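User: Please take a close look at a single residue in this model and at what surrounds it. I would like one connected account that starts from the residue and then places it in the chain.

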Amino acid sequence: MRGLSSTATWDERLVGKVRQAAVMVLISGDEADRRILFTQRAQGISQAGHVSFPGGGREGEENPEQTALRETQEEIGLDPDDIRVWGRLPARMASRLHVDPVAVVGQWSGDHRLLQPNTVEVERILDVPVKELANPAARVTWELSHGHSGPGFLVDGVFIWGMTAGIADALLELCGWAQQWDHERRVPVPPEFR
């Protein structure tokens with residue numbers, strides 16, 4: 001996929017200053033029915049209810065792809081052999097969170113029988129059509145009471161915001177899937193998705 005980097009390194013300027021982490025953006029389907037997989041975090045863990053991509057912190061000398069593949073297997077049970085890594089998004093999306101996240105993009109079959117979610121971490125798996133994410137009616141600017149805001153999505157009663165929405169927004173733009181939307185449509189982040 002054009003625009004993705006194949007470089008598998010962390011930003012060395014940030015090593016030791018912020019937590020190194022990687023997320024896996026899983027894409028399935030063909031051109032007519034492209035889908036992106038999200039998870040909703042389980043109750044009882046940090047950021048419960050938050051919609052995210054599978055991912056987490058670097059362990060040892062892992063590169064971003066290794067971290068994203070390991071975390072994906074831990075969270076949703078998808079074997080790394082069932083993922084074809086395309087590359088990674090070029091930009092970091094959440095420096096103010098004291099995390100240096102790398103968004104690794106990969107393709108999988110979309111066969112949910114391959115998934116075995118870790119119910120301690122994952123409340124549910126969401127397989128969202130790209131056409132629904134790109135629909136201008138689903139696009140919002142999320143905002144928090146202290147002034148932070150960014151691109152977001154409201155799809156089938158699910159609110160996607162923060163770093164996850166920033167990555168999804170960047171992916172839509174990079175792939176040419178984005179449509180014009182009303183950036184002035186501002187929506188506070190619902191408490192159940194914080």
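Analyst: A residue is called buried when its relative accessible area is under 20%, exposed when that value is over 50%, and partly exposed in between. The model is a predicted one, and the residue taken up here is D127, which is placed in strand β7, residues 122–129.

With a relative accessible area of 18%, D127 falls under the 20% cut-off and therefore counts as buried. Its partner in a salt bridge is R35, the two side chains meeting at 3.3 Å, N to O. This pair links distant parts of the chain, since R35 belongs to strand β2 (residues 35–41) and D127 to strand β7, 92 residues apart. R35 has a relative accessibility of 22%, and because this value lies between the two cut-offs, R35 is classed as partly exposed.

The side chain of D127 also makes a polar contact, at 3.1 Å, with the side chain of H112. When residues up to four places away in sequence are left aside, D127 touches S28, R35, I36, L37 and H112, so that both R35 and H112 appear among its contacts as well as in the side-chain pairs described above.

L126, the neighbour of D127 in sequence, likewise lies in strand β7. At 11% relative accessibility L126 is under the 20% cut-off, and so it too counts as buried. With residues up to four places away again not counted, L126 touches I36, L37, F38, V51 and V158. I36 and L37 are thus found in the contacts of D127 and also in those of L126. The C-alpha atoms of L126 and R35 are separated by 9.8 Å, although these residues are 91 apart along the chain.

The bridge between R35 and D127 can be set beside others in the model, where the count of salt bridges comes to 10. One of them joins the side chains of E31 and R34 at 2.8 Å, N to O. Here E31 is exposed, because its relative accessible area of 65% is over 50%, whereas R34, with a relative accessible area of 14%, is buried. Another joins the side chains of E71 and R70 at 3.0 Å, N to O, and in that pair E71 and R70 are both buried. R70 and E71 also belong to a network of salt bridges that links them with E59, E62 and E74.

As for the chain as a whole, it holds three helices and 11 strands, which follow one another along the sequence in the pattern β-β-β-β-α-β-β-β-α-β-β-β-α-β. Of its 194 residues, 49% are buried. Among contacts between residues at least 6 apart in sequence, 66% join residues at least 24 apart. The chain exposes about 9,600 Å², of which carbon and sulfur atoms supply 48%.

Among the helices is α3, residues 162–175, whose 14 residues reach 20 Å from the first C-alpha to the last, close to the 20 Å expected at 1.5 Å a residue. Its buried residues include G162, A165, I167, D169 and L172. Just after α3, G176 takes a positive phi of about 80 degrees.

To return to the residue you asked about, D127 is a buried residue of strand β7, with a salt bridge to R35 and a side-chain polar contact to H112.

Note on methods. Residues are numbered from 1 along each chain as its sequence is written. This is a predicted model: local features need pLDDT of at least 70, side-chain atom pairs count only at pLDDT 80 or more; totals for chains, interfaces and linings use all residues. Side-chain values use heavy atoms; hydrogens and water are left out. Helices (H or I, at least four residues) and strands (E, at least two) are DSSP runs, numbered from the N terminus. Buried means under 20% relative accessible area, exposed over 50%, partly exposed in between (1.4 Å probe, protein chains only). A polar contact is a pair of N or O atoms within 3.5 Å; within protein, one must be able to donate a hydrogen and the other to accept it, and residues adjacent in sequence count only if both atoms are side-chain atoms. Contact means heavy atoms within 4.5 Å. Accessible areas come from the Shrake-Rupley method with a 1.4 Å probe; for residues, only the protein chains shown count as cover. The expected span of a helix is 1.5 Å times one less than its number of residues. A salt bridge is a side-chain nitrogen of Lys or Arg within 4 Å of a carboxyl oxygen of Asp or Glu.
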